Amino acid sequence: MNEYHMRKAGREFSKGAHNAQDKAQNGQMLNAAGEAISGTANAAVELGKSAVERVSAVVNPDHR
């Protein structure tokens, strides 16, 4: 996996968790759930980008 995308995925997940905690502490449970889902989805996008780059490198090793 691409190290950049792995780090960014971690940041996105952490950001979603932090935002969810803030919303929950303010009693906004529905918004908190949305923030958690958003952070998880954004992390998954970054992991997907890393996987695509890896497959692309295998399929076309001369392209960079």
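## A salt bridge within helix H1

Arg-7 and Glu-3 are joined through their side chains by a salt bridge, with an N to O distance of 2.9 Å. The model in which this pair is found is a predicted one. Both residues belong to helix H1 (residues 3-25), and because they are four residues apart, about one helical turn separates them.

The two partners differ in their solvent accessibility class. Arg-7 is partly exposed, at 45% relative accessibility, whereas Glu-3 is exposed, at 56%.

## A salt bridge between helices H1 and H2

The structure holds three salt bridges. Another of them pairs the side chains of Glu-46 and Lys-8, at 3.7 Å from N to O. This contact links distant parts of the chain, since Glu-46 lies in helix H2 (residues 29-59) and Lys-8 in helix H1, 38 residues apart.

Glu-46 has a relative accessible area of 5% and is therefore buried, the cut-off for that class being under 20%. Lys-8, with a relative accessible area of 22%, is partly exposed.

## A shared partner in helix H2

Glu-46 also forms a salt bridge with Lys-49, where the closest N and O atoms are 3.3 Å apart. Lys-49 and Glu-46 are both in helix H2, three residues apart, which is about one turn of the helix. Lys-49 is partly exposed, at 39% relative accessibility.

Through salt bridges that share partners, Lys-8, Glu-46 and Lys-49 are joined into one network. Within this network, Glu-46 is buried, while Lys-8 and Lys-49 are partly exposed.

Key
Residues are numbered from 1 along each chain as its sequence is written. This is a predicted model: local features need pLDDT of at least 70, side-chain atom pairs count only at pLDDT 80 or more; totals for chains, interfaces and linings use all residues. Side-chain values use heavy atoms; hydrogens and water are left out. A salt bridge is a side-chain nitrogen of Lys or Arg within 4 Å of a carboxyl oxygen of Asp or Glu. Helices (H or I, at least four residues) and strands (E, at least two) are DSSP runs, numbered from the N terminus. Buried means under 20% relative accessible area, exposed over 50%, partly exposed in between (1.4 Å probe, protein chains only).
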